[in-house]
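Trainee: Could you take me through one helix pair in close-up, and tell me what else one of its partners gets up to?

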Amino acid sequence: MAIPEATKPDEGLAPATRKPVWQRLADPKIAILLVLFLVVWQIAATLVSGYNVPPILDVAEHLWATVTSAEGLENLFTTLARVGFGLVCSFIVGVAIGLLTGANALAAGYLLPIVRFVQGIPSLSWVIIAVIWFSNVELRVWFVMLLVTLPGFALQTYDSYRAIPAELRDMARSFRPTRWALFREVTLPSITPGLFTAWKVNLGLGIRMVLIAELVGATVGVGSQLLTAQQLFDMAAVVSWTLLLAVCMLILQAAIDAVESYVLRYRAIPQAPAAKLSAPSAEEPVTTKG
């Protein structure tokens, strides 16, 4: 009986690749949506008072003045620095807790309920607690960032660690590796995809929480500028600062995507379904050796 040649295991697979961010943004659909959004915005600004919907030109002028002035850049980079420092601290502590709870059942029994309890507390409650406890603005912002974003890193690391197959770990131990070698060759590659996911989720959450924390007592930062704009009923400033932060977040997300694509470039994406073994047709003669 004639049997089709076996398909190779890696046939139809190609290295994982992703289009650069500028190519994705150049998608005609995105351009069309952007144009439609600007048209609707301008029509709304014409029909409604500028207090509610500022004209595009006013927002653009305020946005340009912000990115070309030392004061505007200081406010922007102060907020981004607070976000970055808080995320790095929560990442270090969260990964440590996730690995400890994943490897030690006793630690998981004590620490995981605390982490889940902290995650269940509303973010606004942490802001109020920080205002009462701390008079220093930087300490207040750091405290809020740490408590709000740490559970995401800890639980994602824990879940990724527990998802490592026991057979893989046992096979690696058969080579008698050191603890560092076992972590480098088995644990780290297994939890890395989950860590990138946690970074992308916590990035947006961290920016929102820093803005809320800056609204109370901060004199420098995007949050304080938004509060000033609200007090002056300056809707153009509110929209320009919001757009500026949204653009910064897109750039940071693109940077994380680029690092993720490079680090996880070993993964393969199926390009075509594997060939299936087909039964011999009625006309095909069946031959046997004997």
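Mentor: Sure: helix 9 and helix 11 run roughly antiparallel to each other, a label for angles over 145 degrees. Their packing angle is about 170°, and the axes sit 10 Å apart. Axes here are lines fitted to C-alpha atoms over the stretch in contact, with angles running from 0 to 180 degrees between N-to-C directions. Helix 9 covers residues 179–214 and helix 11 covers 235–263; helices are DSSP runs of H or I, at least four residues, numbered from the N terminus.

Keep in mind that this is a predicted model, where local features need pLDDT of at least 70 and side-chain atom pairs pLDDT 80 or more, while totals for chains, interfaces and linings use all residues. Numbering starts from 1 along each chain as its sequence is written, and side-chain values use heavy atoms, leaving out hydrogens and water.

The crossing of helix 9 and helix 11 is right-handed, meaning the near helix is turned clockwise from the far one by less than a right angle. Among the residues in contact (heavy atoms within 4.5 Å) are F196, W199 and L203 from helix 9, and M249, L252 and I256 from helix 11. By class, that contact has 11 nonpolar, 3 polar and 3 charged residues, with Gly counted as polar, Tyr as nonpolar, and Asp, Glu, Lys and Arg as charged.

Helix 9 also gives the most to the lining of the second largest pocket, with 4 residues. Helix 4 (70–103) and helix 8 (166–173) each supply at least two. A pocket is an open set of points on a 1 Å grid where a 1.4 Å probe fits, with protein on both sides within 12 Å along at least five of seven lines; lining residues have an atom within 4 Å of a point.

Notes
Angles under 35 degrees count as roughly parallel, over 145 as roughly antiparallel, 65 to 115 as roughly perpendicular and the rest as oblique.
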